[in-house]
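Biologist: Please show me the sequence and the structure, and then take me through the words used to describe them. I would like to hear, for each word, how a value is set against its definition.

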Amino acid sequence: MDVVAINGSPRKNGNTATLIRAILEGAASTGAQTTEAVIHDLDMKGCQGCFSCRKNHGICAQEDGLSPYLEAIKTCKAFVVGCPIYMYRISGQMKLFVDRAYSLYMPKPGGGYTPAVPAGKKFALVTSQGAPDPEQYHRSIRWLAGMAGTGFGMEEAGRIIHTNSNREPARENSELLKKARDIGMRLVG
Ligand SMILES: Cc1cc2nc3c(=O)[nH]c(=O)nc-3n(C[C@H](O)[C@H](O)[C@H](O)COP(=O)(O)O)c2cc1C
């Protein structure tokens, strides 16, 4: 799989889903193969805190619906992470994924982490929120981007911070959809 997307919204046709799919459409238009995992629909659990991944680097010992996607992140060309803001932070569904992604952070001798994901990949980020100020949740968004950037060692191809304070769904915002498709083309270009 060329592009793997992880969607932290439970709304199948919501804003996050719409924007992730526009990014995937852009990537597919260049011939890339894409897949999207909706965390809410996976038969998966959060991290069980077994610390097995501290010895078996890059491997999460918990086998469930998320396992194929954790593997695909290591072999894909590009990654998309998308999530709504829930109660000032990322959604609970996305936090389950982020904790499991600990298995993709290898401990460095002397402290800190180095990616268990091979170098040379790109990522894109989508968030959606009700509040009008795109900077309002910048700490949460920077932290989520940091998982893919610093944590997985990926280069950012672009991000979309969707604000729907005027109740404008992302699917009606042609400018934003175009921006998403352009990011998708850059992801694999
Ligand atoms: C449980 C819950 C909590 C929310 N908390 C916030 C919030 O703290 N700040 C905000 O701006 N929007 C908040 N929202 C609004 C969503 O972020 C917004 O509707 C977003 O567009 C949903 O994305 P989706 O369509 O991809 O699911 C919340 C929505 C829900 C359901």
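Modeller: The space taken by the ligand is the second largest pocket. A pocket is an open set of points on a 1 Å grid over the protein atoms alone, with protein on both sides within 12 Å along at least five of seven lines, and a molecule sits in a pocket if more than half of its atoms lie within 2 Å of the grid points. This is a predicted model, in which local features need pLDDT of at least 70 and side-chain atom pairs count only at pLDDT 80 or more, while totals for chains, interfaces and linings use all residues. Residues are numbered from 1 along each chain as its sequence is written, and side-chain values use heavy atoms, with hydrogens and water left out.

Biologist: Which elements give two or more residues to the shell around the ligand?

Modeller: They are helix H1 (15–28), strand S3 (78–86) and strand S7 (122–129), and S3 gives the largest share, three residues. Helices (H or I, at least four residues) and strands (E, at least two) are DSSP runs, numbered from the N terminus.

Biologist: How many residues surround the ligand, and which are the closest?

Modeller: There are 16 of them, and the closest are Ser9, Thr16, Ile85, Ser128 and Tyr137; a residue counts as near a molecule if one of its heavy atoms lies within 4 Å of it. The shell divides into seven nonpolar, eight polar and one charged.

Biologist: What makes the pair between the ligand and Thr16 a polar contact?

Modeller: A polar contact is a pair of N or O atoms within 3.5 Å; within protein, one must be able to donate a hydrogen and the other to accept it, and residues adjacent in sequence count only if both atoms are side-chain atoms. An oxygen atom of the ligand is 2.6 Å from an N or O atom in the side chain of Thr16, so the pair meets that limit. The side chain of Ser9 has an N or O atom 2.7 Å from a ligand oxygen, whereas for Ile85 a backbone N or O atom lies 2.7 Å from an oxygen of the ligand. Taken alone, the ligand exposes 650 Å², and the protein buries 73% of that; such areas come from the Shrake-Rupley method with a 1.4 Å probe.

Biologist: Why is Ser140 called buried?

Modeller: Buried means under 20% relative accessible area, exposed over 50%, and partly exposed in between (1.4 Å probe, protein chains only). Ser140 has 8% relative accessibility, so Ser140 counts as buried. Ser140 is found in helix H4 (residues 138–151), and its side chain reaches the backbone oxygen of Tyr88 at 3.3 Å.

Biologist: How do you know that Arg181 and Lys122 are partly exposed?

Modeller: Arg181, in helix H5 (residues 174–188), has a relative accessible area of 32% and is therefore partly exposed. Lys122, in strand S7, has 22% and so counts as partly exposed too.

Biologist: What makes Phe51 and Met87 exposed?

Modeller: Phe51 has a relative accessible area of 52%, so Phe51 is exposed, and Met87 is exposed because its value is 69%. Most residues other than glycine have a negative phi. Phe51, however, has a positive phi of about 60 degrees although it is not a glycine, and phi of Met87 is near 50 degrees, again a positive value in a residue other than glycine. Phe51 has its place in the loop between strand S2 (34–38) and helix H2 (67–75), while Met87 lies in the loop between S3 and strand S4 (89–90).

Terms used. 1 Å grid on protein atoms, 1.4 Å probe; cavity = no way out; pocket = protein on both sides within 12 Å on 5 of 7 lines; lining within 4 Å. Nonpolar A, V, L, I, M, F, W, Y, C, P; charged D, E, K, R; others polar.
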